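This report describes selected features of one protein chain, with attention to helix packing, strand pairing and individual residues. The sequence and the model are shown below.

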Amino acid sequence: MRQYSVTGMSCTACVARVEKAVSQIPGVDTCSVSLLTNSMGIEGTASDAAIIQAVENAGYGAKLKGKSTNVVARQAAEEDALADKETPVLRKRLIASVVVLMPLLYLSMGHMLWEWPLPRFFDDNHVAMGLVQLVLTGLIMVINQKFFISGFKSLIHRAPNMDALVALGSSAAFLWSLYVLFAMTRAAADGNSEAVMAYMMDFYFESAAMILTLITVGKMLEARSKGRTTDALKGLMRLAPKTATVVKGEIETVLPIDQVKTGDIFVVRPGENIPVDGIVIDGSGAVNESALTGESIPVDKTKGDGVSAATTNESGFLTCQATRVGEDTTLSQIIQMVSDAAATKAPIAKIADKVSGIFVPAVILIALVTFAVWMLLGEPTGTALTRAVAVLVSSCPCALGLATPVAIMVGNGMGAKNGILFKTAVSLEETGKAGIVVLDKTGTITAGQPQVTDILPADGFSEEDLLGLALSLERKSEHPLAKAILRKAEEQGIRAEEVTDFKALPGNGLEASQGKLKVSGGNLSFIRQVVEVPDGITVKADVLSEEGKTPLFFAADGKLLGIIAVADVIKEDSPKAIRELKSLGMKVVMLTGDNERTAKAIGKAAGVDEVIAGVLPDGKEAHLRDLQKNGKVIMVGDGINDAPALTRADIGIAIGAGADVAIDAANVVLMKSRLLDVPAAIRLSRETLKNIHQNLFWAFFYNIIGIPLAAGVFIPFTGWQLNPMFAAAAMSLSSFFVVTNALGLNLFKIYGKEGKETMDTANEVNFPLEESGVEKILTIEGMMCEHCEKTVKNALENINGVKSAVVSYEKKQAVVHLSKEISDDILANAVEAKDYHVVQIA
């Protein structure tokens with residue numbers, strides 16, 4: 001999408017005019033104009049020159065947003081384009097208008113209505129009073145000349161906007177008053193004092209001035225509120241680091257960020273922001289990634305881990321190699337994604353756009369009809385004119401046009417703050433309308449990384465014996481399940497013994513020699529060829545398989561040492577996320593290529609409504625088509641094999657840590673790779689849509705009631721009528737109300753009643769596929785935050801025999817699940833070694 005800056009727009013009628021002009025150019029596929037960001041997004045093959053020329057022919061200005069190689073300069077220019085430049089200008093205009101308006105109101109209303117005293121010069125000199133009102137009103141019209149320049153310019157181009165309504169209303173009141181002043185002057189020259197007094201009552205100078213002043217008040221409030229709707233995008237832009245400490249040879253040099261190249265080595269000290277995306281090649285540290293993901297808990301980074309620009313190194317010294325710089329960094333891509341979403345339009349906005357396109361001409365016609373009808377009914381010209389002017393200045397196309405884009409902008413900003421990125425306005429609107437959520441298993445519901453869940457030694461052998469033999473054998477294997485055993489052995493500090501004659505045999509088996517011993521490992525069918533497997537062990541293996549785990553058997557010198565079960569365990573937040581999806585009225589389906597037994601075990605533990613197993617990548621797309629017959633479908637996935645399904649779904653949601661091709665195919669990207677963000681995205685979408693409906697209701701309701709009231713339709717029935725000054729005030733506040741209501745989205749809690757902070761306190765979500773064993777509860781003093789929780793959790797889970805630990809700093813406790821009996825002293829010593837105090841163990 002190419003983006004352009006557009007100047008000269010003042011309301012949604014301007015937006016409609018620009019879109020209509022550009023859409024008519026051959027080669028323009030889509031055109032979307034945003035009044036909030038004064039930008040235009042174009043997709044198609046039309047040339048930049050043709051597009052800019054079309055905008056200029058419509059009476060506005062346009063400029064292509066450049067792709068500067070200087071990242072700092074480019075981001076500064078983009079931030080400057082979003083800066084609120086209107087409010088200071090409007091504030092000055094308002095102050096000047098009020099200073100001039102006060103004496104005008106004193107003359108026109110204070111003296112006439114409440115007989116406030118006037119200088120002797122005005123005694124019986126009504127013409128002089130009229131001339132002073134003329135001069136003061138003229139000054140206010142000059143101060144607010146932008147309304148007239150923009151309004152009459154739009155009339156010349158036959159595309160009247162809101163400024164045209166204000167200019168016509170104010171001009172009509174001024175010109176009528178000018179005519180009355182001339183008539184009064186003639187009556188005064190003829191000595192007709194009664195006619196002079198009658199003409200005094202027909203002055204509307206104060207109405208013309210008050211209309212302009214009140215509209216300026218509304219414009220200033222609207223501009224200030226609109227400026228706040230882009231705070232999230234401006235905040236992202238401010239995160240961009242300006243310099244980087246690059247190492248060349250052994251010399252550290254501070255360079256501007258745009259001079260950093262892919263492959264450069266840079267260092268990051270504690271407290272510094274990471275300048276570009278990279279990979280840690282030396283050192284370790286805790287990195288706060290909240291700027292990108294919304295997650296406040298620092299993430300530990302060591303050699304081989306990736307780091308992102310704009311995140312903060314809170315502790316440790318990191319040496320990194322740049323992998324993505326400039327516009328390729330994660331931060332730049334997030335900014336571009338949010339910016340593109342702001343430049344697109346939601347389907348619901350088309351209703352308001354269609355109305356806004358004909359709104360102003362229709363209002364002008366209604367005003368003319370109002371004037372003609374009241375004249376035909378025999379009302380004085382001044383009365384008929386007053387009601388026509390009230391129609392002009394009460395009508396508000398801006399409220400209609402702002403109803404959708406301000407809510408979309410705030411909703412997108414809320415999502416970005418919490419690591420939920422909607423690529424387009426359509427994505428934000430449609431996500432909440434879906435009724436079915438399809439979840440990929442690996443990497444979405446599960447961690448995507450196999451882990452050892454059970455160690456079951458045979459009689460006469462210990463866990464250390466079994467795990468030591470498995471480590472020696474599996475360390476030479478390339479199989480993913482082998483890596484799980486290696487990680488478990490490393491956690492428990494077990495060292496491998498050297499093996500020789502290693503072979504990976506057909507039928508999922510491994511064989512090697514350890515000294516004089518022949519050692520073997522593999523599945524049940526393979527190990528039965530080597531040793532006799534007791535019925536009790538076979539039963540245990542079947543139970544593990546039913547739970548979705550893979551039992552691996554190990555033998556040495558013709559004796560079975562036991563079973564180590566490995567599984568891709570469910571993420572801690574997955575069951576809670578699925579419960580929340582169900583509470584939102586969603587049907588939850590798990591779609592996976594795994595075998596049916598494993599898939600059903602995981603589906604049951606996670607709590608999904610339906611499991612579809614054994615599906616190939618192209619089959620996922622076919623299953624989605626079937627599901628779409630029952631309603632709109634959201635697909636959540638992370639792998640390359642999920643890309644076709646993500647594209648086929650009504651809304652594709654990609655887990656942020658997944659493959660780039662999956663992220664490209666998706667409509668929504670979750671930066672935190674956490675399933676709880678899926679119900680959060682749906683809640684945010686629904687709340688944004690609800691906000692849009694509220695805004696549209698107010699905008700339509702206001703105009704449906706306000707225009708007839710201003711035209712005097714209710715006078716014969718109720719006597720209600722609307723003075724032009726009050727009409728102008730109501731019109732100003734209608735737009736302000738819509739923008740303020742949209743800003744209320746910032747107060748919405750997208751993580752529901754429980755909130756994201758309580759996520760880790762649900763005991764039932766720890767390793768849900770494991771059998772329950774011995775449980776101990778530790779009461780711990782000294783934990784202050786989520787980082788403390790993580791430290792204690794790691795300390796406990798590194799103890800041999802601890803299956804899992806669920807830690808809550810708020811409850812000051814840790815619930816420890818054990819696979820064997822462990823003394824209280826061992827648990828307490830592990831925690832207290834990390835400088836926390838164990839009060840009691842139950």
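In this predicted model, R387, A390, V391 and S394 of helix α14 are in contact with Y702, G706, I707, A710 and A711 of helix α28. By class, the residues of this contact comprise 6 nonpolar, 2 polar and 1 charged. Helix α14 covers residues 381-394 and helix α28 covers residues 677-711. Their axes come within 7 Å and cross at roughly 165°. Angles over 145 degrees count as roughly antiparallel, and α14 and α28 are therefore assigned to that class. The crossing of α14 and α28 is right-handed.

A second helix pair is formed by α16 (residues 405-417) and α29 (residues 724-743). The axes of α16 and α29 come within 8 Å, with a crossing angle of roughly 20°. Because of this angle, α16 is roughly parallel to α29. The crossing of α16 and α29 is right-handed. On the α16 side the contact involves V406, A407 and V410, which meet V738, V739, A742 and L743 of α29. This contact has 7 nonpolar residues, with no polar and no charged ones.

The two pairs are set out in the following table.

| Helix pair | Axes come within | Crossing angle |
|---|---|---|
| α14 and α28 | 7 Å | roughly 165° |
| α16 and α29 | 8 Å | roughly 20° |

**Strand β24 and its partners**

Strand β24 spans residues 633-637, and 5 of its 5 residues are buried, so the strand is largely enclosed by the rest of the structure. V633, M635 and G637 point one way from β24, while I634 and V636 point the other way. In a regular strand, side chains alternate between the two faces of the sheet. The residues pointing in either direction from β24 are all buried.

Strand β24 is paired with β15 (residues 436-440) through 4 bridges, and these two strands run parallel. Within this pairing, L439 has V636 of β24 as its bridge partner. A further 4 bridges join β24 to β25 (residues 651-655), again with the strands running parallel. V636 stands opposite I653 of β25. V636 thus takes part in the pairing with β15 and also in the pairing with β25.

**A three-stranded open sheet**

Which strands make up the open sheet of 3 strands, and in what order? The order is β10-β9-β12, and the pairing is antiparallel. Strands β10 (299-301) and β12 (312-315) stand at the edges; each has a single partner strand, so one side of each is left without a neighbour in the sheet. Neighbouring strands of this sheet are turned by 45° against each other on average, direction ignored. Strand β9 comprises residues 285-288 and is joined to β12 by 3 bridges, the two strands running antiparallel. In this pairing, N288 stands opposite T312 of β12.

**Individual residues**

Most residues other than glycine have a negative phi. Two aspartates in loops have positive values instead. For D557, phi is near 55°. D557 lies in the loop between β20 (550-556) and β21 (559-567). Its relative accessibility is 52%, so D557 counts as exposed.

The second aspartate, D835, has a phi near 75°. D835 is placed in the loop between α31 (824-832) and β30 (837-841). With a relative accessible area of 73%, D835 is also exposed.

Is T538 buried or exposed? T538 has a relative accessibility of 13% and therefore counts as buried, since buried means under 20% relative accessible area. This residue belongs to helix α22, which covers residues 535-546. Leaving aside its neighbours within four places in sequence, T538 is in contact with L524, R528 and V533.

**The chain as a whole**

The chain contains 31 helices and 30 strands. Of its 842 residues, 54% count as buried. Among contacts between residues at least 6 apart in sequence, 69% join residues at least 24 apart. The contact between α14 and α28 illustrates such a link, with R387 among the residues on the α14 side and Y702 among those on the α28 side.

Note on methods: Residues numbered from 1 in each chain as written. Predicted model: local features only at pLDDT ≥ 70, side-chain atom pairs only at ≥ 80, totals over all residues. Heavy atoms only, no water. Pairing = 2+ DSSP bridges. Axes fitted to C-alpha atoms, helices over the stretch in contact; angles between N-to-C directions. Parallel < 35°, antiparallel > 145°, perpendicular 65-115°, else oblique. Left-handed = near helix turned anticlockwise from the far one by under 90°. Contact = heavy atoms within 4.5 Å. Nonpolar A, V, L, I, M, F, W, Y, C, P; charged D, E, K, R; others polar. Buried < 20%, exposed > 50% of the residue type's maximum accessible area, 1.4 Å probe, protein only.
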